[in-house]
Amino acid sequence: MSFTADRLLLFGATGDLAQRMLLPSLFALDADGLLAPGLKIIGTARSAMSDSEYRNFARAALEKYLPAERRGRMADFLNRLSYQTLDATTLEGYDDLAKKVGNPKNGLAIFLSTAPSLFGPTIKGLQSAGLTGANVRMCLEKPLGTDLATSCEINDAVAEAFPEERIFRIDHYLGKETVQNLLALRFANIMFEPLWNAAHIDHVQITVAETVGLEGRVAFYDDAGAIRDMVQNHMLQLLALVAMEPPAHFDATAVRDEKVKVLRALRDVGKGETVTGQYRAGAIGGNAVPGYDEELGKPSDTETFVAIKAHVDNWRWKGVPFYLRTGKRMPKRVTEIVIQFRCVPHSIFAGKGATMQPNRLVIGIQPEENITLSLMAKVPGLDREGIRLRSVPLNIAMPDAFSGAVRRIAYERLLLDLVEGDQTLFVRRDEVEAQWEWVDAIRALWDAEGLTPKTYTAGSWGPSAAIALAERDGVTWHE
């Protein structure tokens, strides 16, 4: 939709996500002059607060989660904020919320950051109060279900009030600078696209590693596990961006059309192409940490690690494996994409020092945003045995390449696009359903094979079977 909203309604406005991400992101946008002067931000949640109490709540969150150099003057931003207490499970109170929001004719954006069980009642409440009209768009925070069936239930409930062109499904990884830079790298540089195929790429690795354990997400995580928490959304979106065909235009329809083609081309994962794990007690950064069962307080078969060998069955990628792995209590926090090119077909260099290594492109997403391309180069000096070669990196560290650029929270980009109505970096329903179909098939395979998580020590890179998953193809995980 082309309109720019002049009101933003935040459900779950006192929650953890609002404090850590949404309020700091909105403040940063305001401080940089990216929010329209007249934009009003209305928060709503169960907690009873007045406008002034919510502003004090927001101030405390900003002081806690924003670095001092980014806080600046808060008064103008806080004056945008107001608050309405609401129990989303009952229709009572939605009329008062509508009065607080005011007439949405000039554009209203709603951000729904609540438990998925509240999505349906919230939509009905908004409908009853006249807050679902043509100038209203809806943004949904994950998780969108626990499988394809529950995801369809949620999407059906939202679709009763909002057409697809007014639904914005968040995957916050798509707001990260380096993820967007992947599109620029591929489609703004002629040197890569001719090589971006099975003829020149040996394999692709995507790693999302976390050092943390449950961190207050006990109930959610034990129901979800690593495959639903990370693979179904973030990792499949990264895979789709790596593997997609060049879109005709950089717009919401063209980009998402190409992504969904990739997701639909994913081959069902076969026996022996997936490994699950669960961490036991170990050490992270020199500090002892408990095992998953100890943190949870009971035995569980939930996986905290998963590795998958995936295939995209189309002309571009036929025969190229995509190795995915994600886990908690890993040695370090890192999200990266590794593009491993094939070796040169014939080496003209002889001698002991002329061992050839394939070129490798590493796209670091977090904690540092950088791009590294390894190239073969001659080692300086003279050698009787011939030219001595070594792989050397060409590094593009984003903070160095763009000195003075502020590192932004991913939600800043996404909240701005929500207000302005750009869906390019949001996930379409058919993408979500294709992702769930693939993940549901993997979980069905686990059940059929009686697969249970293998243990791994906290502070390691997962169970040894995950190493073997790649090593038997002659591939070593990039660490």
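Visitor: Is Cys-343 buried, partly exposed or exposed, and what is its relative accessible area?
Guide: The model is predicted, and the answer rests on accessible areas computed from it. A residue counts as buried under 20% relative accessible area and as exposed over 50%, with partly exposed in between. Cys-343 falls in the middle class, being partly exposed with a relative accessible area of 49%.

Visitor: How many disulfides does the structure hold?
Guide: A disulfide is a covalent bond between the sulfur atoms of two cysteines, and here a pair is counted when the sulfur atoms lie within 2.5 Å. Cys-139 is buried, with a relative accessible area of 0%, and its sulfur is too far for a bond because the closest cysteine sulfur, in Cys-152, is 19 Å away. By this rule the number of disulfides comes to zero.

Visitor: At which residue does helix H1 bend?
Guide: Helix H1 covers residues 16–31, has 16 residues and reaches 22 Å from its first C-alpha to its last, close to the 22 Å expected at 1.5 Å a residue. The helix nevertheless has a bend of about 30°, with the proline Pro-24 following within four residues of the bend. The buried residues of H1 include Leu-17, Leu-22, Pro-24, Phe-27 and Asp-30. The residue at which H1 bends is Leu-22.

Visitor: Which residue just after H1 takes a positive phi?
Guide: Helix H1 ends at residue 31. Just after the helix, a phi of about 75° is taken by Gly-33.

Visitor: Which residue other than glycine has a positive phi near 60°?
Guide: The residue is found in the loop between S12 and S13, and its side chain meets that of Glu-295 in a salt bridge of 3.4 Å, N to O. Because Glu-295 lies in helix H11 (residues 292–296), the pair ties together parts that are 34 residues apart in sequence. With a relative accessible area of 12%, the residue is buried, whereas Glu-295 counts as partly exposed at 25%. The residue with this positive phi is Arg-329.

Visitor: Which residues are linked with Glu-193 in a network of salt bridges?
Guide: Side chains of opposite charge can pair when their charged atoms come close, and the structure holds 28 salt bridges. In one of them, the side chains of Glu-193 and Arg-316 meet at 2.9 Å, N to O, and this pair links distant parts of the chain, with Glu-193 in the loop between H8 and S7 and Arg-316, 123 residues apart from it, in the loop between S11 and S12. Both Glu-193 and Arg-316 are buried. The residues linked with Glu-193 in the network are Arg-186, Glu-245 and Arg-316.

Visitor: Which residue forms a salt bridge with Glu-479?
Guide: The closest N and O atoms of the pair are 3.5 Å apart, and the pair links distant parts of the chain, since Glu-479 is in the segment after helix H15 (464–471) and its partner is in strand S12, 154 residues apart. Glu-479 counts as exposed at 51% relative accessibility, whereas the partner is buried, with a relative accessible area of 2%. The partner of Glu-479 is Arg-325.

Visitor: What is the omega of the peptide bond from Gln-366 to Pro-367?
Guide: Pro-367 has its place in the loop between S14 and strand S15 (370–378). The bond that leads into Pro-367 from Gln-366 is cis, with omega near 5°.

Visitor: Which residues does the cis peptide bond with omega of about 5° join in the loop between S5 and H7?
Guide: Strand S5 covers 136–140 and helix H7 covers 148–159, and the loop between them also holds Gly-145. Gly-145 is buried, with a relative accessible area of 12%, and its C-alpha atom is separated by 23 Å from that of Ala-252, 107 residues apart along the chain. The proline of the cis bond lies in this loop, and the residues joined are Lys-142 and Pro-143.

Visitor: Which residues make the nonpolar surface patch of about 280 Å²?
Guide: One member lies in the loop between strand S13 (334–341) and strand S14 (360–366). This residue, Ile-348, is exposed, with a relative accessible area of 67%. The patch is made by Ile-348, Phe-349 and Ile-387.

Technical notes: Residues numbered from 1 in each chain as written. Predicted model: local features only at pLDDT ≥ 70, side-chain atom pairs only at ≥ 80, totals over all residues. Heavy atoms only, no water. Patch = residues over 30% accessible without salt bridge, like charges linked within 9 Å, V, L, I, M, F, W, Y side chains within 5 Å. Areas by Shrake-Rupley, 256 points an atom, 1.4 Å probe, with all protein chains shown as cover. Salt bridge = Lys/Arg side-chain N within 4 Å of Asp/Glu carboxyl O. Helix = DSSP H or I, 4+ residues; strand = E, 2+ residues; numbered from the N terminus. Buried < 20%, exposed > 50% of the residue type's maximum accessible area, 1.4 Å probe, protein only. Expected span 1.5 Å × (residues − 1). Bend = angle between axes of the 7 residues up to and from the residue.
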